Amino acid sequence: MTARENLTFFGQMQGMDKEDLPAQIDYATKVVNLNEDLDKHVSDYSGGMKRRLSLAIALVADPEILILDEPTVGIDPELRKQI
């Protein structure tokens, strides 16, 4: 599956409206700087890219509260500051 397909699947599993989902996917992938690689297969991702996708999945439903344990481990220092 591609990153976009994963985000769509998890967004729907979290009860997101299909009309709002593309905008939320765009938002979540911009936060983790993954928007350029959305249509690549996740099997081709590096370990850091998979971590960024996991974070985007957590953000896609725009939760009121999000508790993460070391969300930036394995992410490059520049993106770590941005997040």
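The following legends describe close-up views of a predicted model, centred on helix α1 and the residues beside it.

**View 1. The buried face of helix α1.** Helix α1 spans residues 3-13. Its buried residues are A3, N6, L7 and G11. Seen down the helix axis, these residues fall within an arc of 130°, and they therefore line one face of α1. The partners of this buried set are two further helices: the buried residues of α1 pack against α2 (residues 21-31) and α3 (residues 47-59).

**View 2. The surroundings of N6.** N6 is situated in helix α1 and belongs to the buried residues of that helix. The relative accessible area of N6 is 16%, and N6 is classed as buried because this value is under the 20% cut-off. When residues up to four places away in sequence are not counted, N6 touches M1 and V42.

**View 3. M1 ahead of helix α1.** M1 lies in the segment that precedes α1. With a relative accessible area of 53%, M1 is exposed, because the value is over the 50% cut-off. M1 is also one of the residues touched by N6, which is itself buried.

**View 4. A nonpolar patch on the surface.** Four residues, M1, F9, F10 and M13, form this patch. Together they present about 420 Å² of accessible area. M1 contributes to the patch from the segment before α1.

**View 5. The residue G15 after helix α1.** G15 follows α1. The phi angle of G15 is positive, near 85°.

Note on methods: Residues are numbered from 1 along each chain as its sequence is written. This is a predicted model: local features need pLDDT of at least 70, side-chain atom pairs count only at pLDDT 80 or more; totals for chains, interfaces and linings use all residues. Side-chain values use heavy atoms; hydrogens and water are left out. Patches are made of residues with over 30% relative accessible area and no salt bridge: like charges are joined within 9 Å, nonpolar side chains (Val, Leu, Ile, Met, Phe, Trp, Tyr) within 5 Å. Accessible areas come from the Shrake-Rupley method with a 1.4 Å probe; for residues, only the protein chains shown count as cover. A salt bridge is a side-chain nitrogen of Lys or Arg within 4 Å of a carboxyl oxygen of Asp or Glu. Helices (H or I, at least four residues) and strands (E, at least two) are DSSP runs, numbered from the N terminus. Buried means under 20% relative accessible area, exposed over 50%, partly exposed in between (1.4 Å probe, protein chains only). The arc is that of the directions from the helix axis to the C-beta atoms. Contact means heavy atoms within 4.5 Å.
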